[in-house]
Each structure stands twice: as C-alpha cells, then as structure tokens.
Amino acid sequence: MTMLTGDNGRTARALAAQAGIADVRAELRPEDKAAAIGELRRNGSVAMIGDGINDAPALAAADIGIAMGAIGSDAAIESADVAFTGHDLRLLPRAFEHAQRGRRVINQNIVLSLLIITALLPLAMFGVLGLAAVVLVHEIAEVIVILNGLRAAPRPTAPRVSSATRERVSA
C-alpha cells in the first residue's frame, strides 16, 4: 500500500503511521501522482483511491480508479471507474465482495442460457419438441435466470452498534 498525497510530508507520514502505511510519497503534484501510479503498475495491477481534482490523472492511470465522497470533484468522479458516495474506506472490502458475487452470478446466467439454447436448438430443429414446448422451456429458463440474478443484490447487514451505545442501552 502506498500513500500519494499533495499534503506536506510531516502530516502525510503521521497519517500513514496511524494507518499502517510504510510507503509515503508527499507533496506531489497531479502529474507526480500519475507518474507514481505508472511506476507501481510495473509491479502489477493498481487500484487508486482519491477524492479531489488533483487525483483525477492518477485515477485515470490506475487499473481501477475509485473516487470517494459525493462532494468529491467532478473531475475525480469522471476519471474513476467506481464512485462511492461516502468516505468510509472500510466499506471497500464489502464492495469488492459484492462485485465478485455479481460477476459469479452473471457468469452462471450466461452458462445456463447458453446450455439451454444449445439444447433447445437441435430439439426444435429435428422436431423432438414443438414450438410451444420450446417457448415454454425458454420462458421457464428466463425466470430461473432472473431469480438467480437476484442473488447478486447486496445482502442486508445488521446495523453496527458501538460499544458505548450498547452500554447505554443495557444500563
């Protein structure tokens, strides 16, 4: 993990120490951030998280650009691949899990649809199934694909309650 910031070095190092980030690059201009992303990409895929206009070039240069905050600059939001409305970075793992789950469901639906079409086509061509039966099987398959697609929806999570709130409630 690397912190790229336009802030002064002292502030950046203090924040990075709290977050457990060892590689800190401070007092960077937008083009410096984009160059740093290019350098980091030589070692593998890079995700960049930013919220300001100064982050836009780096967001565009990254493999995955993530704009944070509804009040982030329009340039950052336009340059990013993903835009979050909040500033809570702890939600990113949940977002990645949701995206992976969605991709699995989409792939399942594609495979299922192709298998059904592959099976129905010869059955219809050789007269094994009539038009009504083919349409019925196809429609049932569409319902199954839709129901399977609903599995990609975000799963509801229980609201988080702080320990201070729990103590007040139990007292």
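These notebook entries record what I looked up in a predicted model of one protein chain.

**Entry 1. Overall layout**

I began with the secondary structure and counted 7 helices and 5 strands in the protein chain. From the N terminus on, I read the order of elements as β-α-β-α-β-α-β-α-β-α-α-α. I then looked up burial for the chain: 25% of its 171 residues count as buried. Among contacts with a separation of 6 or more, 28% come from residues 24 or more positions apart.

**Entry 2. Helix H1 and its surroundings**

I next examined helix H1, which spans residues 9-19. Which residues of H1 are buried? I found Gly-9, Ala-12 and Ala-16 to be buried. Seen down the axis of H1, these buried residues fall within an arc of 65°, so they line one face of the helix. On the other side of H1, I noted Arg-10, Ala-17 and Gln-18 as exposed. I also asked what covers the buried residues of H1. The cover includes strand S1 (2-4) and strand S2.

I then inspected both ends of the helix. At the start of H1, a side-chain oxygen of Asn-8 comes to within 3.1 Å of the backbone nitrogen of Arg-10. Just after H1, Gly-20 has a positive phi of about 80°.

**Entry 3. A positive phi at Glu-27**

I looked up a second positive phi, which belongs to Glu-27, at about 55°. Glu-27 is not a glycine. Where does Glu-27 lie? I placed Glu-27 in the loop that runs between strand S2 (23-25) and helix H2 (30-41). I recorded Glu-27 as exposed because its relative accessibility is 54%, and the cut-off for exposed is over 50%.

**Entry 4. The open sheet**

I traced an open sheet of 3 strands in the order S3-S4-S5, with parallel pairing. Strand S3 (47-50) and strand S5 (82-84) are the edge strands, each pairing on one side only. Neighbouring strands of this sheet are turned by 20° against each other on average, direction ignored.

I then followed the pairing of S3 with strand S4 (residues 64-68). How many bridges join S3 to S4? I found 4 bridges between these parallel strands. Ala-47 has Ile-64 as its bridge partner in S4, and Met-48 stands opposite Gly-65 in S4.

For the side chains, I kept in mind that those of a regular strand alternate between the two faces of the sheet. Along S3 I saw this alternation: Met-48 and Gly-50 point to one face and are buried. Ala-47 and Ile-49 point to the other face and are not buried.

**Entry 5. Asn-109 in helix H5**

I located Asn-109 in helix H5, residues 92-125. Is Asn-109 buried or exposed? I recorded Asn-109 as buried because its relative accessibility is 11%, and buried means under 20%. Leaving aside its neighbours within four places in sequence, I found Asn-109 in contact with Val-145, Asn-148 and Gly-149.

**Entry 6. An annotated stretch**

Finally, I consulted UniProt, where an unreviewed entry lists residues 110-137 as "transmembrane region". I compared that record with the model. Over residues 110-137 the chain is 82% helix and 0% strand. The C-alpha atoms at the ends of this stretch are 16 Å apart.

Terms used. Residues numbered from 1 in each chain as written. Predicted model: local features only at pLDDT ≥ 70, side-chain atom pairs only at ≥ 80, totals over all residues. Heavy atoms only, no water. Helix = DSSP H or I, 4+ residues; strand = E, 2+ residues; numbered from the N terminus. Buried < 20%, exposed > 50% of the residue type's maximum accessible area, 1.4 Å probe, protein only. UniProt positions renumbered as here; feature names shortened; annotations may be inferred. Contact = heavy atoms within 4.5 Å. Pairing = 2+ DSSP bridges. Axes fitted to C-alpha atoms, helices over the stretch in contact; angles between N-to-C directions. Arc of directions from axis to C-beta. Polar contact = N/O pair within 3.5 Å; in protein donor to acceptor, adjacent residues only side chain to side chain.
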